[in-house]
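Here is a friendly walk through one model, written to be read with the structure open beside you. Please take a look at it before reading on.

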Amino acid sequence: MSTRVAWITGATSGFGAATVDRFVAGGWRVVASGRRIERLQRLVDRHGADRVHPLAFDIRDEAAMRAAHAGLPADFAAIDLLVNNAGLALGTVPAQQAELAQWKQMIDTNVTALVTLTRLLLPTLIERRGAIANISSTASTYPYPGGNVYGGTKAFVSQFSLGLRADLHGTGVRVTSVEPGMAETEFTLVRTGGDQAASDKLYAGAQPITAGDIADTLWWIANLPAHLNVNRIELMPTSQSFGGFQVHRE
Ligand code: NDP
Ligand code: 8X3
């Protein structure tokens, strides 16, 4: 079999960076995208330009995305797996105090950019009988105070994944919604606007999911026999489970 190619978005950090390492170690070529060029360059330095092709652009910029896609070198153009991982949460305040600009940034990144790249790559993925792994979240299923639009975007990602499966029926293209709970990456640093202490406090003593755990999960999904599709997979750290409903009393 020829060397397989994955396009991993959000490759500069967290799940994405670990997934680049995992797939390159497994013999794949990787198109690695994100905004921070110096982080992408580190991946190239680590693995070599024949294994990692860096694409530095803001995933909300459709023209930049199309140009990056059109300019892929031949060795990286035949995408077998799209990992739609780039995403973020911004803020933890109740909806009535939230900044609309932050809501729009989450929707533009987690939803609009994800569907745009998916649509762009569908012809190639169908031709290759490839696969799509969309990084959703437990927030897609379980609401929590302050989760508002972030949870909404991830509910979209999960449902879009199932809808893709229905539409891609008979093409051989596999689609999975990956739904992690609490994981230690730069996620909370971004969510809190750079509050390292808040991030450290959230994860302290909890043994959260690691980026490597998600990379290993994606590797497992991608390497299942072609007749098997994981529709959705929900993962939590053992230390995390469910709380009750809240009741307001007068
Ligand atoms: P990180 O903050 O560590 O990584 C987020 C990645 O998304 C970075 O590579 C970042 O790249 C990229 N990204 C964000 N905005 C843009 C943009 N506008 N253009 C291009 N790339 C962008 O967090 P995680 O690794 O945790 O997050 C990865 C995914 O996992 C997200 O979709 C997140 O919602 C989801 N998730 C995270 C969980 C957690 O607890 N950590 C749990 C469940 C799901 P750059 O800044 O360089 O552009
Ligand atoms: C990230 C998990 O619980 O912070 O998607 O929303 S959570």
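Glu179 in β6 has Glu234 of β7 as its bridge partner. This pairing belongs to a predicted model, and it is one piece of a wider arrangement: β6 and β7 (residues 232–235) run parallel and are joined by 4 bridges.

β6 also pairs with β5 (residues 131–135), again in the parallel sense, this time over 5 bridges. There, Ala131 stands opposite Arg174 of β6. Helix α6 (residues 148–167) completes the picture, as β5, α6 and β6 make a right-handed β-α-β unit.

How many residues of β6 are buried? In this strand, which spans residues 174–180, 7 of the 7 residues are buried. In a regular strand, side chains alternate between the two faces of the sheet. For β6, both faces are covered. On one side sit Arg174, Thr176, Val178 and Pro180, and on the other Val175, Ser177 and Glu179, all of them buried. So Glu179, the partner of Glu234, is itself a buried residue, as 20 or more other C-beta atoms lie within 10 Å of its own.

Now to the nonpolar interior. In soluble globular proteins, nonpolar side chains tend to be buried together. The largest nonpolar core here holds 55 residues, and Ala6, Val20, Val30 and Ala32 touch the most other members. Helix α6 contributes the largest share of this core, 6 residues. Ala6 is worth a click in your viewer: leaving aside residues up to four places away in sequence, Ala6 touches Phe23, Trp28, Val30, Asp80, Leu81 and Val83.

Two ligands remain to be visited. Around ligand 1 there are 28 residues, of which Gly10, Gly14, Arg35, Gly87 and Phe187 come nearest. Helices α1 (14–25) and α7 (187–191) each supply at least two residues of this shell, and α1 gives the most, with 3 residues. Ligand 2 is surrounded by Ser137, Thr138, Ala139, Gly147, Gly181 and Met182.

The make-up of the two shells by class is set out here.

| Shell | Nonpolar | Polar | Charged |
|---|---|---|---|
| Ligand 1 | 11 residues | 11 residues | 6 residues |
| Ligand 2 | 2 residues | 4 residues | no residues |

Which class is absent from the shell around ligand 2? That shell has no charged residues, whereas the shell around ligand 1 has 6 of them.

How values were computed:
Residues numbered from 1 in each chain as written. Chains lettered and ligands numbered in written order. Predicted model: local features only at pLDDT ≥ 70, side-chain atom pairs only at ≥ 80, totals over all residues. Near = placed C-beta within 6 Å. Nonpolar A, V, L, I, M, F, W, Y, C, P; charged D, E, K, R; others polar. Buried ≥ 20, exposed ≤ 12 C-beta atoms within 10 Å, placed from the backbone. Pairing = 2+ DSSP bridges. Right-handed = clockwise from strand over helix to strand, strands pointing away. Core = buried A, V, L, I, M, F, W, Y, C linked by C-beta atoms within 7 Å. Contact = placed C-beta atoms within 7 Å.
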